[in-house]
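Welcome! Have a look at the sequence and the model below, and keep them at hand while you read.

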Amino acid sequence: MNALVTRRNAVLGITAAATSFVVPSILRAQSAGRIVVVGGGFGGAACARALKRAQAGLQVTLIEPNKTFTSCPFSNEVIAGLREMDAQQFGYDRLAAEGVTVAAQAATAVDAQKRSVKAADGATFAYDRLVLSPGIDFHFEALPGYDDAASEKMPHAWKAGAQTLLLRRQVEAMADGGTVAIAIPANPLRCPPAPYERASLIAHYLKTNKPRSKVLILDAKDNFSQQRLFERAWKELYGDMIERIALSQGGRVTSVDPATMTIVTEFGNYTPDVANVIPPQRAGRIAEIAGVADHTGWCPIDPVTFESKLVKNIHVIGDACLGGGIPKSASAASGQGKACAAAIVALLAGRAPETPRLTGVCYNTVAPGYGFLLAGNYQPKGDIFAEVEGGATSPVDAPRELRAREATEAERWFQIITADVFG
Ligand SMILES: Cc1cc2nc3c(=O)[nH]c(=O)nc-3n(C[C@H](O)[C@H](O)[C@H](O)COP(=O)(O)OP(=O)(O)OC[C@H]3O[C@@H](n4cnc5c(N)ncnc54)[C@H](O)[C@@H]3O)c2cc1C
């Protein structure tokens, strides 16, 4: 597949995903069902919108504590001072206008017997089918010394919002000649290439503003997604400003001490000026409360319907589910949201759901005007999603014009997916 076709497919992939689960009009007239969706991010909002569009008679309730969603995609640009936070934020007015009932609450409990969800204000929501898309929470027990209080000194910035701005302020306040350390956990994690994109964009900021400074990556992995593309870009753009200590060199972080700003690895201790500590992750806490997370901390599902393997009538989508080969990304989450909506409509109508084919698209921007793409197609295989043919990645030796085009297309991708999910 040539690069032009690859890029076009990738951008259009979002639109194709949006229309590939159209429900026959005869079903739209069928009797109502009550669907509660917990979590109004890329997975949950896409699912709620698709449900209502597929079958107007459904009662769809979206439970989400934040009135405004703050997007992680493109939040690395905010940290690097290339973008402001308001460009990351999206409301739920469009979903409400389309008939989704939006409850601005956190879900605190699920009663799978009675099929109801309890919210923080005490309200209960009955469901025929429940969809959980709570994203991630942090596995603090796996990183001694790190907790919510520590994140105020050593921000993770792995949920976008206040943490993103805190890391930005710390990088801006650092003196020239300082070191920004980024601690990266082992897989599975939300958006596997994003830590390396972050290292790149922070290096861009430092090169422009504080050229004697350094980015130190402490990595619990030896290999990472699109490694050759990143490493080539680092050499070309940042010389030796970015240093990476991989797993086999002792890069895995084993504990932290926020009081002394110390990061402890298998090789030695580091006291950087700015410590961006990304902790190990698991499904959002409500998944565990609902009983749909297993010993891994993630949620096993039937990949055709997204129904939990552990609790009937609860579906899990997005970062929280055990997706197999499909990376945890916004494009995967929104595709899963739509496919899950189609499966629920089919199940309510007593039909067999169609086998979904999902597209995951990931752009990485390593400097303004310099981006690259990874796109994959995924289908159910046994209990998980497996990659199938048709995926593509940018060539390592591509000319700078292609890198510039892919950076532009990354912005277009963001506009398309956020309009598609939030309206
Ligand atoms: C720095 C960074 C960069 C990224 N860049 C990209 C990118 O370029 N492309 C890409 O495709 N992906 C990217 N991602 C990944 C992407 O952000 C996630 O994969 C995606 O957001 C997952 O969608 P989700 O619906 O599972 O979770 P989220 O989008 O996080 O949504 C979860 C929602 O659930 C809500 N919630 C949680 N618990 C409850 C509860 N108890 N009750 C009610 N609501 C609850 C939360 O408030 C949140 O709004 C990036 C991630 C990071 C960290």
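What follows is a short tour of some helices, strands, loops and cavities in this predicted model.

## Three parallel strands and their helices

A good place to begin is strand β11, residues 179–184, which is joined by six bridges to β12. The two strands run parallel, and Val-180 has Val-215 as its bridge partner in β12. Between which strands does helix α7 make a β-α-β unit? Together with β11 and β12, α7 makes such a unit, and the unit is right-handed.

The pattern carries on from β12. Four bridges join β12 to strand β13, residues 242–245, and again the strands run parallel. Here Leu-218 stands opposite Ile-245 in β13. Helix α8, residues 227–238, completes a right-handed β-α-β unit with β12 and β13. Strand β12 therefore has a part in both units.

## How enclosed are these pieces?

Helix α7 covers residues 194–209, and at 1.5 Å a residue its 16 residues should span 22 Å. Its end C-alpha atoms are indeed 22 Å apart, so expectation and model agree. Is α7 enclosed or open? Of its 16 residues, 13 are buried, so the helix is largely enclosed by the rest of the structure.

Strand β12, residues 214–219, tells a similar story: five of its six residues are buried, so the rest of the structure largely encloses this strand too.

## A cis peptide bond

Most peptide bonds are trans, and most residues other than glycine have a negative phi. Against that background, a few places in this model deserve a look.

One of them is the peptide bond from Asn-187 to Pro-188, which is cis, with omega near 0°. You can find Pro-188 in the loop between β11 and α7.

## Two residues with positive phi

Phe-74 has a phi near 75°, a positive value in a residue other than glycine. Phe-74 sits in the loop between β3 (68–70) and α4 (75–79). Is Phe-74 buried or exposed? With a relative accessible area of 10%, Phe-74 is buried.

Met-261 also has a positive phi, near 55°. Its place is the loop between β14 (253–257) and β15 (262–265). At 14% relative accessibility, Met-261 counts as buried, because the cut-off for that word is under 20%.

## A strand with both faces covered

In a regular strand the side chains alternate between the two faces of the sheet. Strand β9, residues 129–132, lets you see what this looks like: Arg-129 and Val-131 are on one side, Leu-130 and Leu-132 are on the other, and all are buried, so both faces are covered.

Which strands pair with β9? Strand β1, residues 34–38, is joined to β9 by four bridges, and Val-36 stands opposite Leu-130. Strand β19, residues 314–316, is joined to β9 by three bridges, with Leu-130 opposite Ile-314. In both pairs the strands run parallel.

## Helix α3 and Lys-52

Helix α3 holds 13 residues, numbered 42–54. At 1.5 Å a residue, α3 should span 18 Å, and its end C-alpha atoms are 18 Å apart, which agrees. The helix is mostly covered, with twelve of its 13 residues buried. Among them are Phe-42, Cys-47, Arg-49 and Leu-51.

Lys-52 also lies in α3, and at 14% relative accessibility this residue counts as buried. Which residue, 47 residues apart from Lys-52 in sequence, is 6.9 Å apart in space? That partner is Gly-99, with the distance taken from C-alpha to C-alpha.

## A polar contact at Asp-420

Asp-420 belongs to helix α11, residues 400–422. At 19% relative accessibility, Asp-420 counts as buried, because the limit is under 20%. Its side chain is joined to that of Lys-338 by a polar contact of 2.6 Å.

## Cavities

Rolling a probe the size of a water molecule over the atoms shows where empty space is left. How many cavities of 30 Å³ or more are there? The count comes to three.

The largest cavity holds about 50 Å³ of space. Residues lining the largest cavity include Gly-318, Asp-319, Cys-321, Pro-327, Lys-328 and Gln-336.

Technical notes. Residues numbered from 1 in each chain as written. Predicted model: local features only at pLDDT ≥ 70, side-chain atom pairs only at ≥ 80, totals over all residues. Heavy atoms only, no water. Expected span 1.5 Å × (residues − 1). Buried < 20%, exposed > 50% of the residue type's maximum accessible area, 1.4 Å probe, protein only. Pairing = 2+ DSSP bridges. Right-handed = clockwise from strand over helix to strand, strands pointing away. Polar contact = N/O pair within 3.5 Å; in protein donor to acceptor, adjacent residues only side chain to side chain. 1 Å grid on protein atoms, 1.4 Å probe; cavity = no way out; pocket = protein on both sides within 12 Å on 5 of 7 lines; lining within 4 Å. Points joined across faces, edges and corners; volume = space filled by probe spheres on them.
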